[in-house]
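Visitor: Please take me through one part of this model closely, the loops with unusual backbone geometry, and then set that part within the whole. I would like a careful, connected account.

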Amino acid sequence: MLVSTIELLTRARRGKDLGINGAENLRLDWRAVIERKDRIVASWSKGKEAAPEKLGTAVLRGKGVFAGPHEIAVDGRTYSAEKIIIATGSRPARPPLPGAEIGITSDELIHLKEQPHRLVVVGGGFIGLEFGFALAWAGSKVTILQSGPQVAPALDDEIREILLNAAGEAGMTIVTNVKVKAIAADKTVEAEAGGAAQKFPADQVLLATGRPSNVEALRPQVAGVELDRSAVRVNEYLQSVSASHVYAVGDAAGKHQHSPVAWYEGPIAAQNALKGNDRKVDFTIFPSAIFTIPAVGQVGLTEKEALTRGLKAKVSRMPFDYNPAAGVRNETEGMVKVVYEEGTERILGVHVIGARAEDLVQIGAAAMRGGLKKSEVGAMHYVFPTLGGAIFDAMAA
Ligand SMILES: Cc1cc2nc3c(=O)[nH]c(=O)nc-3n(C[C@H](O)[C@H](O)[C@H](O)COP(=O)(O)OP(=O)(O)OC[C@H]3O[C@@H](n4cnc5c(N)ncnc54)[C@H](O)[C@@H]3O)c2cc1C
């Protein structure tokens, strides 16, 4: 919500090019955005809270912990069950650094009453980048400190390059190969970068160093539930590999930390738990997005991954500045990149950066799921002028 509002602001500010006067002076009312977000989230939660009871499911409100292999204790009362599904989500990590308590996590950032003037983000994964881009476009001075050699390491290299250019345009500073040492009382981040001690002064420090699953607090060892790092180690039926009466879904199973994964896995685990293992999870074609500005969407293999696997990978590209809809919208930064197998034309991966990348990539995912060849998608009819046309044009290229 924060990102989509700031994306609108960023786009509107460029309205001068489209003949909209005064657009470049638009400013964000941070407090109003946060308050609107709180109202909308509260209305969503209200509907969700009531739904299980409407379906006849008893809901116990409290913190559950294992009291025995088949027993869960909630607020002093113990309930037993033949089968148990763990769906306790994850929480932001607080790295073991001196002064880590001075930093804030994404949970706290979205409740800040004031927009920080200087934000230092520790961690260059998708959460750090999403907040970094949003706040930078909204006027904060953002510095991202990444421990490894690259931010968002799972991205296709070319797509990352375009994202890094956009980060520069947004005024962000990205420092890689950083070892954060401490956060001082005045919120300065003390680190080692480029072989030297460096200081990064901040008004807020966002800790975006991953999200461990919330399973340890449940005392999983009481039920013999083995963990893989912090998540339940499960098989393809979402069943604990060490306690066959326990299943886990969503962030508690830890495979992919995305909402649709939790929604997909919940019914599968429930069915397997109640009727016997019958449904396996399938993540062979799994689209995902990073809500940076511009956004990134990807499905399947990157070019490097395909080559590393020994596939005869080729690529075709369609830059957004060849797409009339992108031109009309004045959003010509971006590209579609298709990775495919030479000869068979099997689509191995689709990577998009630019306006609505998060939607566009789903065309690629549907084509891959349907087993369509690159040229078959490239020969399809499509609506003109649309950003989605860039996917079909990239397949035809
Ligand atoms: C900043 C941020 C941005 C994100 N953006 C996206 C995005 O754009 N798209 C996307 O798909 N995903 C996004 N995600 C990830 C997504 O929110 C999670 O993957 C998803 O919510 C996981 O669902 P879940 O049901 O496993 O856990 P949750 O939604 O976290 O639900 C777990 C529930 O279990 C409760 N619980 C925990 N412990 C106990 C206990 N002991 N007893 C009883 N109840 C307990 C918790 O209070 C919570 O209500 C984002 C996450 C973050 C933090």
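Guide: Pro 294 sits in the loop that runs between strand 15 (288-290) and strand 16 (295-300), and the peptide bond leading into this proline from Ile 293 is cis, with omega near 10 degrees. This is a predicted model, and the backbone angles given here are to be read as properties of that prediction. A cis peptide bond also joins Phe 384 and Pro 385, where omega is about -10 degrees; Pro 385 likewise belongs to a loop, in this case the one between helix 10 (374-378) and helix 11 (389-396).

Two further loops deserve attention for their phi angles. Asn 177, in the loop between strand 7 (173-175) and strand 8 (178-183), has phi near 50 degrees, a positive value in a residue other than glycine. Leu 238, placed in the loop between strand 13 (231-232) and strand 14 (246-248), also has a positive phi, of about 70 degrees, although it is not a glycine. As for their surroundings, Asn 177 has 14 C-beta neighbours inside 10 Å and therefore counts as partly exposed, while Leu 238, with 29 C-beta neighbours inside 10 Å, counts as buried.

To set these loops within the whole, one can begin with the division into domain 1 (1-59), domain 2 (63-89 + 212-275), domain 3 (100-207) and domain 4 (288-396). The C-alpha centres of domain 1 and domain 2 are 32 Å apart. The protein as a whole contains 11 helices and 19 strands. Its radius of gyration is 23 Å, close to the 21 Å that the globule rule gives for 397 residues, so the protein is as compact as a globular protein of that length. Along the principal axes, the C-alpha atoms fill a box of roughly 65 × 60 × 45 Å. Of the 397 residues, 38% count as buried, and among contacts between residues at least 6 apart in sequence, 60% join residues at least 24 apart.

The interior can be described through its nonpolar cores. In soluble globular proteins, nonpolar side chains tend to be buried together. Here the largest nonpolar core has 82 residues, and those with the most contacts inside it are Val 121, Val 122, Leu 145, Val 189 and Leu 206. Helix 4 (residues 126-137) supplies the largest share of this core, 9 residues. A second, separate core has 23 residues, including Phe 66, Ile 84, Ile 86 and Ala 269. Returning to the largest core, Val 122 offers a useful point from which to inspect the packing: leaving aside residues up to four places away in sequence, Val 122 touches Gly 103, Leu 145, Val 180, Val 189, Val 205, Leu 206, Leu 207, Ala 208 and Thr 209.

Finally, there is the ligand. Of the 19 residues around the ligand, Thr 88, Gly 89, Gly 250, His 258 and Ala 262 come nearest. Helix 6 (residues 259-275) gives the most to this shell, with 3 residues. By residue class, the shell around the ligand divides into 8 nonpolar, 9 polar and 2 charged residues.

Terms used:
Residues are numbered from 1 along each chain as its sequence is written. This is a predicted model: local features need pLDDT of at least 70, side-chain atom pairs count only at pLDDT 80 or more; totals for chains, interfaces and linings use all residues. Domain bounds come from an automatic or database domain assignment. A residue is near a molecule or strand if its C-beta atom, placed from the backbone, lies within 6 Å of it. Helices (H or I, at least four residues) and strands (E, at least two) are DSSP runs, numbered from the N terminus. Ala, Val, Leu, Ile, Met, Phe, Trp, Tyr, Cys and Pro count as nonpolar, Asp, Glu, Lys and Arg as charged, and the others, Gly among them, as polar. The radius of gyration is taken over C-alpha atoms; the globule rule is 2.2 Å times the number of residues to the power 0.38. A residue is buried if 20 or more other C-beta atoms lie within 10 Å of its own, exposed if 12 or fewer, and partly exposed in between; C-beta atoms are placed from the backbone. Two residues are in contact if their C-beta atoms, placed from the backbone, lie within 7 Å. A nonpolar core is a set of buried Ala, Val, Leu, Ile, Met, Phe, Trp, Tyr and Cys residues joined through C-beta atoms within 7 Å.
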